[in-house]
Amino acid sequence: MNKSFKLLLLGAIFVRVLLFQQGFYEVFGNRNEVITPVSSYKRVKEGLYLVDAGNSPYAGTVYLQPPLLLALFYPLHNLDVIFTQLFYVSLDIIFALVLRSISFMTKESESFSNLIATLYLFNPFTIFSCIGMSTTNINNTSIIVALFYAHKGNIPLTSFFIALASYLTIYPIVLVPPLIVLLHKYNQKTPSPPRSRSHSTPPNTTDKPTYTTIFSTTTCFLLFLGWLLWLSYKLLHSWDFLQESYLSMVGGLDLTPTIGLFWYFFVEIFEHFRSLFLFVFQYHPFVYVAPLTLRLYRHPMVLFWTLTAIISILKAYPSVSDLSLHLSIIPLLRSNVNGSILSLTGVKNATLVGVAMFYCTILSPILWHMWIYQGTGNANFYYAANLVMTLAHIILIVDIVSSVFKSNFIAKHANEIANDSYQNGENE
């Protein structure tokens, strides 16, 4: 770790501590773009107060998160708030360092790896979610650590951290298939070919995961997930948390506005259609797993990012913290497991997506203020900004995945394309 990167780390810590000390955690902690009903630290505190009073943390339906999250924050509960703030700062630093390590493991240069970590640390979405003390940051850190251990070929630790993320928010279950593919590829004892700057080529090793890798990873994942659920039961002496936390996440019972698609739709829909459309909405983050895995198993990082991005826009309670996770992984996509660089030159709409995200980030709080405080707007305005943000991310997903398919086609038919070009040149 060179001196310049250490200074960047200190700068990132200073910015966060300064914003905390200036009281911005009260501002961002109340923003529905940053905090959701299932990621609010204020709701965690409410659950802790109920536990101290001898009641169930789920009394009153305010606290909607898993029980072990209370156990994590309980030692900080009676301390000064600065210790909780430093905990959130440390999560961002850990995430950045792990992201940098993953970049090193894919044989990127030190300067590029430092750049990836810096972009994450100074991403406004990352800073907002840190200062707002969103518990989604714990979920994101678990996911990136699972990705790190998948690159090391460590099945037990990969399974544990993705089980922890799934325990917290359910949706990371869909990331198990790409992690299995990564574990299989990095467990292969074959030397990597020299780094190539040309289009990606399929590796010579067996691409599809073996039954051993699938079985061992799935078994470890289920055992760790079951263990976490059992610990939750021992903590509360009741299985009620399954309904109070997970059913609330899946069922969208709290219709507090977020940057997602659920709240407005289910406010407007007729009650007798609710079950049908609830199934359709929740079905979406999971329905793409099988086809994308079959199509992108040669590019597990692209598969991992695609599913992460789909989760961030289609989950019931998304926030900017979810967006910061998948945006931070994009620079890692150019590196293939077989040591070559994946061409993403086919991504044509990056500027459009960036501008749309920027304008929606600015407009959302303005439209919210017009709707809630001034009364000069309504929910349609705010939801329209959410739709544009979602559309921008869908365009980005389609753009990158299409670029990968084009890159694969060119690599597979490179000789045919070159021969056709040569023959056309001779004919002219």
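These legends go with a set of close-up views of a predicted model.

**View 1. The whole chain is built from helices, with no strands at all.**
Before zooming in, here is the overall picture. The protein chain has 20 helices and zero strands. It runs to 428 residues, and 52% of them count as buried. If you look at contacts in the chain with a separation of 6 or more, 76% of them join residues that sit 24 or more positions apart. The accessible surface adds up to about 19800 Å², with carbon and sulfur atoms providing 66% of that.

**View 2. Helix α17 is wrapped up by the rest of the structure.**
How many residues of α17 are buried? The count is 10 of the 10 residues in the helix, which spans residues 320-329, so the rest of the structure largely encloses it. Reading along α17, the buried residues are V320, S321, D322, L323, S324, L325, H326, L327, S328 and I329. That list takes in D322 and H326 as well as L323, L325, L327 and I329.

**View 3. Helix α16 packs against α17.**
One of the neighbours of α17 is α16, residues 300-314; the two axes lie 9 Å apart, at an angle of about 160°. That angle is over 145°, the cut-off for roughly antiparallel, so α16 and α17 count as roughly antiparallel. Their crossing is left-handed. On the α16 side, the contact uses M301, F304, W305, T308, A309 and S312, while α17 brings D322, L323, L325, H326 and I329. Sorted by class, the residues of this contact come out as seven nonpolar, three polar and one charged. As a reminder about helices, there are 3.6 residues a turn, so residues three or four places apart point the same way.

**View 4. S319 sits in the loop that links α16 and α17.**
Is S319 buried or exposed? With a relative accessibility of 0%, S319 counts as buried. Which residues does S319 touch, leaving aside its neighbours within four places in sequence? The contacts of S319 are E33, V34, T36, T136 and I259.

**View 5. Helices α5 and α6 cross with their axes within 8 Å.**
Here α6 covers residues 110-121, and its axis crosses that of α5 at roughly 150°. The two helices are therefore roughly antiparallel to each other, and the crossing is right-handed. From α5, the residues that take part are D92, I93, F95, A96, L99, R100, S103 and F104. They meet E110, F112, S113, N114, I116, A117, Y120 and L121 of α6. The class tally for this contact is 10 nonpolar, three polar and three charged residues.

**View 6. Helix α10 meets α11 at a slant.**
The axes of α10 (residues 176-187) and α11 (residues 211-236) come within 10 Å and cross at roughly 130°. That makes the pair oblique. The crossing of α10 and α11 is right-handed. α10 contributes V176, I180, L183 and H184 to the contact, and α11 contributes T213, I214, T217, T218 and F221. This contact has five nonpolar and four polar residues, and no charged ones.

**View 7. I170 and H237 are two loop residues with a positive phi.**
I170 is not a glycine, yet its phi is positive, at about 70°. Look for I170 in the loop between α9 (155-169) and α10. Its relative accessible area is 16%, so I170 is buried. H237 belongs to the loop between α11 and α12 (240-251). The phi of H237 is near 55°, again a positive value in a residue other than glycine. In H237 the relative accessibility is 62%, so this residue counts as exposed.

**View 8. N78 and S238 are loop residues shown with a partner from elsewhere in the chain.**
N78 lies in the loop between α4 (67-77) and α5 (81-105). N78 is exposed, with a relative accessible area of 62%. How far apart are the C-alpha atoms of N78 and L48? The answer is 9.9 Å, for residues that are 30 apart along the chain. S238 sits in the loop between α11 and α12 and is buried, at 19% relative accessible area. The C-alpha atoms of S238 and S56 are separated by 9.9 Å, although these residues lie 182 apart along the chain.

Technical notes
Residues are numbered from 1 along each chain as its sequence is written. This is a predicted model: local features need pLDDT of at least 70, side-chain atom pairs count only at pLDDT 80 or more; totals for chains, interfaces and linings use all residues. Side-chain values use heavy atoms; hydrogens and water are left out. Buried means under 20% relative accessible area, exposed over 50%, partly exposed in between (1.4 Å probe, protein chains only). Helices (H or I, at least four residues) and strands (E, at least two) are DSSP runs, numbered from the N terminus. Contact means heavy atoms within 4.5 Å. Accessible areas come from the Shrake-Rupley method with a 1.4 Å probe; for residues, only the protein chains shown count as cover. Axes are lines fitted to C-alpha atoms, for helices over the stretch in contact, and angles run from 0 to 180 degrees between N-to-C directions. Angles under 35 degrees count as roughly parallel, over 145 as roughly antiparallel, 65 to 115 as roughly perpendicular and the rest as oblique. A crossing is left-handed if the near helix is turned anticlockwise from the far one by less than a right angle, and right-handed if clockwise. Ala, Val, Leu, Ile, Met, Phe, Trp, Tyr, Cys and Pro count as nonpolar, Asp, Glu, Lys and Arg as charged, and the others, Gly among them, as polar.
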